[in-house]
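Good morning, and thank you for coming. Please look at the sequence and the structure as they appear, and keep them in view while I speak.

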Amino acid sequence: MKNAIKTAFCILGAIIGAGFATGKEISSFFVRFGTKSFFGIVLSSLMFGMYVFFVISKIKEEKIPTPFEYIKGISNTFFSKISMIVTYLFLFVSFSVMITGGASLLSEFFNATHFVSSLIVCLICFFVLVFGKSGVLNASFILTPFMILGIVIHGIVTAKERAVFLSFDNTLTSSVVYVSYNTLPLLTLLCAILGDLKSEKEIKKTAYVLTFLIFVLMFCLWYVLIVNDFGYLTYDMPIVKIVEKYGIYPKMLYGIVLFFSMLTTAFSSGIGLLDIMNKKIKNTNNTVNTLVLCVFSFFMSYIGFSGFINYVYPLFGYLGLSIFLLIILDILRKIKKKYENERKTYLFSKNDK
């Protein structure tokens, strides 16, 4: 069970990034649809859990070493090459986003310069990533529980007594796009960290834990945003602005949650990039590649946080949609094949009698 929880925390850390914990993603993909977007939250949580279960199962059963081989197996070589270019570009952008967001928080809370703040975040990432998979898993296992607790407590404290009446409407498109752009880096992460999951039972436990936790966290942030003034949605970090109403200490505590969330996503994106860099780049090692990644991301952090979230992430969401749909089709084929085999087995056993 410990391996399942540790893996689920690592995957959750990849999802809970700057855009998630600040409320920017939840507001952009869900809250803008009003109370009916609750069903989008439920749907997205279920899709995350199912995606993780089926992808991990396929990787383990077929012993797939890289995301390239995974996508090649459900499409063709040309498409898999294009997909990997998109995926690794997304991972680098995601890693840089977390550096930018973490630096922005440090600058705001400690009045530090952007240079110093970015340098601190890059150094933290370097000293975790240099230890490879074990460093990322252990760091996520320590930091993720604090993020979960912080987001849940914040949701309880800032919730108003205003009632929320749910209505059903089609938020399917937004939910699928949201999950699809998250699944791009997740596919690479899953290929990189799967060694500790030994059985299908552990894989199921990982999927169950992830589904439950992602729903709880998405619901907490969604509820806080839906019951507060929609004017907060115009800010880069709407949740932080809401917390400010409760004083400096709640803001500082939630700032720690945000900082941890940015670090865990940076770790997850970084390990995915380093996994392929270490395999493809000759005459080098993980330490050198980690240093190169952190240096490049340091300079990328000067582009700015809001522009990344508003424009780059949705773009990669639509680009990743084709990969996500291919994976869904592969899952459906697998389910159909399993049903047909079970049916044949049943008919043969019936005829033998």
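I shall speak about confidence, then about the cavities, and then about the nonpolar core.

Let me begin with confidence. What you see is a predicted model. The average pLDDT of the chain is 80, and 85% of the residues reach a score of at least 70. Which helices mark the lowest and the highest confidence in the chain? The lowest is helix H14, residues 305-352, with a mean of 70, while helix H7, residues 114-129, stands highest at 92. One stretch calls for a separate remark: across residues 161-169, pLDDT stays under 50. For that stretch the model has 20 contacts beyond four places in sequence.

I turn now to the cavities. Rolling a probe the size of a water molecule over the atoms shows where empty space is left. How many cavities of 30 Å³ or more does the structure hold? There are three of them.

The largest cavity has a volume of about 140 Å³. Its lining is made up of 17 residues, and those nearest the centre are Ala14, Ser94, Asn182, Pro185 and Thr265. Four elements give two or more residues each to this lining: helix H1 (2-15), helix H6 (77-110), helix H9 (172-193) and helix H12 (248-280). H9 provides the largest share, with five residues. Sorted by class, the lining of the largest cavity contains 10 nonpolar, six polar and one charged residues.

The second largest cavity encloses about 60 Å³ of space. Among the residues that line this cavity are Tyr51, Ile71, Thr87, Ser180, Leu187, Gly320 and Phe324. Here H9 and H14 each supply at least two lining residues. You will recall that H14 is the helix where confidence is lowest, at a mean of 70. The lining of the second largest cavity has seven nonpolar residues, four polar and no charged.

My last topic is the core. Which residues touch the most other members of the largest nonpolar core? In this core of 108 residues, they are Phe20, Ile26, Tyr51, Cys125, Tyr178, Trp222 and Tyr254. Helix H10, residues 200-227, contributes the largest share of the core, 16 residues. Tyr51 thus appears in two places, in the lining of the second largest cavity and in this core.

Let us end on Tyr178. Leaving aside residues up to four places away in sequence, Tyr178 touches Ile15, Phe20, Glu25, Phe29, Phe30, Ser44, Phe48 and Met218. One of these partners, Phe20, is also on the list of core residues that touch the most other members. Thank you for your attention.

How values were computed:
Residues are numbered from 1 along each chain as its sequence is written. This is a predicted model: local features need pLDDT of at least 70, side-chain atom pairs count only at pLDDT 80 or more; totals for chains, interfaces and linings use all residues. Side-chain values use heavy atoms; hydrogens and water are left out. pLDDT is the predictor's confidence in each residue, from 0 to 100. Contact means heavy atoms within 4.5 Å. On a 1 Å grid over the protein atoms alone, a cavity is a set of points where a 1.4 Å probe fits but cannot get out, and a pocket is an open set with protein on both sides within 12 Å along at least five of seven lines; lining residues have an atom within 4 Å of a point. Grid points are joined across faces, edges and corners, and a volume is the space filled by probe spheres set on the points. Ala, Val, Leu, Ile, Met, Phe, Trp, Tyr, Cys and Pro count as nonpolar, Asp, Glu, Lys and Arg as charged, and the others, Gly among them, as polar. A nonpolar core is a set of buried Ala, Val, Leu, Ile, Met, Phe, Trp, Tyr and Cys residues joined through side-chain atoms within 4.5 Å. Buried means under 20% relative accessible area, exposed over 50%, partly exposed in between (1.4 Å probe, protein chains only).
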